[in-house]
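Please look over the structure shown here together with its sequence. The notes beneath it are arranged by topic.

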Amino acid sequence: MAWDETKAWLAGSQHGKLYQSLLSEATEMPARNAKRKKIVHNDEMPWEMSRQGLLKHLLNAQMNTRMETVDAYMQVIPPASRSGKHRHLAEECLYVVEGRGYDLHQDCDVEITDTYRWLPQAEIKRYEWEAGDVIYIPPSVIHQHFNADPAHPARLISCINRIYKNSGLNDLEQIEDAPEYDPNVALTGELVRKYLKPKVKQPA
């Protein structure tokens, strides 16, 4: 034994039952999960007037459901409008429930060392979509959704994993806000209906 290091490894007076807490958490998890929701009813899904747009959260870590790995929300984009523009490290997929439009994607060069850095590439790519399509968002891509229909809303279902967030890499950055965003508005279904009305151009 390297007795010359005795003073170092015998130092410290703090005490904690850290392993026991892990063991207790694992033992208690089944009973705790039994109390968490396996069914989330429509009226239990929170609306949010967010910087990314008009959202209804289907699954979220803050909703006390059994889902441990995925967040999901429904996004409604009013006629001829757009979502916010953002980027995140986790990949995402969106199912187009209704409507038609397009996405703008901008790849980024990413470096993860002791620090995290990203730099947008010059090229911006356009992808058309319509109801029934799935939109794939690769990791760290700057992206924005556009409703190309001036008379009807678009509705998307987003699913994104929590793996990076749970690993300490909750990299999410908002670059542009959705046009409808108002931090003072508490969004409701009735209010969403008002946003879905077609934009009428005023005569010149």
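What follows is a briefing on a sheet, on the hairpin at one of its edges and on a surface patch. The model is a predicted one, and every value below was computed from it.

**The sheet**
- An open sheet is formed by 6 strands, which are arranged in the order E1-E2-E3-E12-E5-E10 with antiparallel pairing.
- Its edges are strand E1, covering residues 47-50, and strand E10, covering residues 134-137, each of which pairs on one side only.
- On average, and with direction ignored, neighbouring strands of this sheet are turned by 25° against each other.

**The hairpin at E1**
- Edge strand E1 is connected to E2 by a hairpin that passes through 2 residues.
- The two strands run antiparallel, and 4 bridges join E1 to strand E2, which spans residues 53-59.
- Within this pairing, Trp47 has Lys56 of E2 as its bridge partner.

**The nonpolar patch**
- Val110, Ile112, Tyr164 and Leu169 together make a nonpolar surface patch of about 300 Å².
- One of these residues, Leu169, is located in the loop that lies between helix H3 (163-166) and strand E13 (172-176).
- Leu169 counts as partly exposed because its relative accessibility is 32%, a value that falls between the limits of 20% for buried and 50% for exposed residues.

Technical notes
Residues are numbered from 1 along each chain as its sequence is written. This is a predicted model: local features need pLDDT of at least 70, side-chain atom pairs count only at pLDDT 80 or more; totals for chains, interfaces and linings use all residues. Side-chain values use heavy atoms; hydrogens and water are left out. Two strands pair if DSSP finds at least two bridges between them. Axes are lines fitted to C-alpha atoms, for helices over the stretch in contact, and angles run from 0 to 180 degrees between N-to-C directions. Patches are made of residues with over 30% relative accessible area and no salt bridge: like charges are joined within 9 Å, nonpolar side chains (Val, Leu, Ile, Met, Phe, Trp, Tyr) within 5 Å. Accessible areas come from the Shrake-Rupley method with a 1.4 Å probe; for residues, only the protein chains shown count as cover. A salt bridge is a side-chain nitrogen of Lys or Arg within 4 Å of a carboxyl oxygen of Asp or Glu. Buried means under 20% relative accessible area, exposed over 50%, partly exposed in between (1.4 Å probe, protein chains only).
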